[in-house]
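Me: I have a structure here and some terms I want to understand. Can we take them one at a time?

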Amino acid sequence: MRKPFIAGNWKMNKIATEAADLVSKLKENVGSFKDADILICPPYTSLLAAQEAIKDSVIELGAQNMHWEANGAFTGEVSAAMLKDIGVKFVIIGHSERRKYFSETNQQVNKKIKAAISADLLPIVCVGESLEQREQQKEKEVVEKQLREGFDSLSQADLEKVTVAYEPVWAIGTGKTATGEQADQMHSFIREWFKKNFSDQAAEKLRVLYGGSVKPTNIKELIAKENIDGALVGGASLKPLDFTEIIKNSSLG
Ligand code: PGA
């Protein structure tokens, strides 16, 4: 049985004071809730404020991106060691918005996963197809390539540190959620892929989150599916009551 994992991706929202305020509300709402792992991923500039605010709570801290090099002439970038240094534990890698707006490739995703793991950060690796790709029934082909290239030459020990998030691009921020059935089909495809390419044991342990317009009203249908182990939540993670409800509903599956 995999423990549910609910991660909030705040994207480019919340300055430091707002982050502290949001965390304090969330902290009060979730109390000592232990039936799901809870993560927030604020923007870089609010990480320290969030880190301070989550102290003595069950909430963990993550970042939304990182560079694969340890340091050097990469203007505007932040390394894994820099994140680790300020108490960050998780990092989202290969989000579809990074792939779409910043042309991130599977090869870069691969380098980032490796760099995160060697800096002792836990990567949450995003995969998912666009609407056009789904309409052409290429969703499995697309996700398979993202997995094959993204997880190239990673070991089973590496995989133990990883969480995967399936986020169909057409469901992100659009209010359209994949049905539990659609999501579960892709989640089982993803788990099968890891069974084939890593091991049964590693694939069974791996948590695969669903992302794309997750709300308090649809989390129960999603989490009830065998291969859906939690959610990567964008919009609703900025609303403390909604996010709390998603967290609490996630352990009812
Ligand atoms: P959304 O975003 O919940 O606002 O659709 C999800 C994500 O991009 O991680």
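Me: Why does S153 count as exposed or buried, whichever it is?
Reply: This is a predicted model, and all values are computed from it. S153 has a relative accessibility of 56%. Exposed means over 50%, so S153 counts as exposed. S153 sits in the loop between α7 and α8. Its phi is positive, near 50°, and S153 is not a glycine.

Me: Where is S213, and what is its phi?
Reply: S213 is in the loop between β7 (207-211) and α11 (219-223). Its phi is positive too, about 55°, although S213 is not a glycine.

Me: Is S213 called buried or exposed, and why?
Reply: The relative accessible area of S213 is 15%. Buried means under 20%. Therefore S213 is buried.

Me: What makes S213 of interest for the ligand?
Reply: S213 is one of the residues that come nearest to the ligand, together with K11, H95, E167 and G173. There are 13 residues around the ligand. By class, four of that shell are nonpolar, seven polar and two charged.

Me: How do you know that K11 makes a polar contact with the ligand?
Reply: A polar side-chain atom of K11 is 2.7 Å from an oxygen atom of the ligand. The cut-off for a polar contact is 3.5 Å between N or O atoms. The K11 pair is within that limit, so it counts. H95 also has a polar side-chain atom 2.7 Å from a ligand oxygen atom. G173 uses a backbone N or O atom, at 2.6 Å from an oxygen atom of the ligand. The protein covers 95% of the 280 Å² of accessible area that the ligand has on its own.

Me: Why is E69 called partly exposed?
Reply: E69 has 37% relative accessibility. Buried is under 20%, exposed is over 50%, and partly exposed is in between. The 37% of E69 falls in between, so E69 counts as partly exposed. E69 lies in the loop between β3 (59-63) and α3. Leaving out residues up to four places away in sequence, E69 touches F74 and S79.

Me: What about S79: buried or exposed?
Reply: S79 has 4% relative accessibility. That is under 20%, so S79 counts as buried. S79 is also in the loop between β3 and α3. Beyond its neighbours within four places in sequence, S79 is in contact with H67, E69 and A70.

Me: How do you know that T163 is buried?
Reply: T163 has 5% relative accessibility. The limit is under 20%, so T163 counts as buried. T163 lies in strand β6 (residues 163-166). Among the residues T163 touches, farther than four places away in sequence, are F5, P123 and L206.

Me: How do you know that the span of α5 agrees with the expected value?
Reply: Helix α5 (residues 106-118) has 13 residues. The rule is 1.5 Å times one less than the number of residues. That gives an expected span of 18 Å, and the end C-alpha atoms are 18 Å apart, so the two agree.

Me: Which residues of α5 are buried, and what do they pack against?
Reply: The buried residues in α5 are N106, V109, N110, K112, I113, A115, A116 and I117. Their packing partners include α3 (80-85), β4 (90-93) and α7 (139-150). After α5 comes D120, with a positive phi near 70°.

Technical notes
Residues are numbered from 1 along each chain as its sequence is written. This is a predicted model: local features need pLDDT of at least 70, side-chain atom pairs count only at pLDDT 80 or more; totals for chains, interfaces and linings use all residues. Side-chain values use heavy atoms; hydrogens and water are left out. A residue is near a molecule or strand if one of its heavy atoms lies within 4 Å of it. A polar contact is a pair of N or O atoms within 3.5 Å; within protein, one must be able to donate a hydrogen and the other to accept it, and residues adjacent in sequence count only if both atoms are side-chain atoms. Accessible areas come from the Shrake-Rupley method with a 1.4 Å probe; for residues, only the protein chains shown count as cover. Ala, Val, Leu, Ile, Met, Phe, Trp, Tyr, Cys and Pro count as nonpolar, Asp, Glu, Lys and Arg as charged, and the others, Gly among them, as polar. Helices (H or I, at least four residues) and strands (E, at least two) are DSSP runs, numbered from the N terminus. Buried means under 20% relative accessible area, exposed over 50%, partly exposed in between (1.4 Å probe, protein chains only). Contact means heavy atoms within 4.5 Å.
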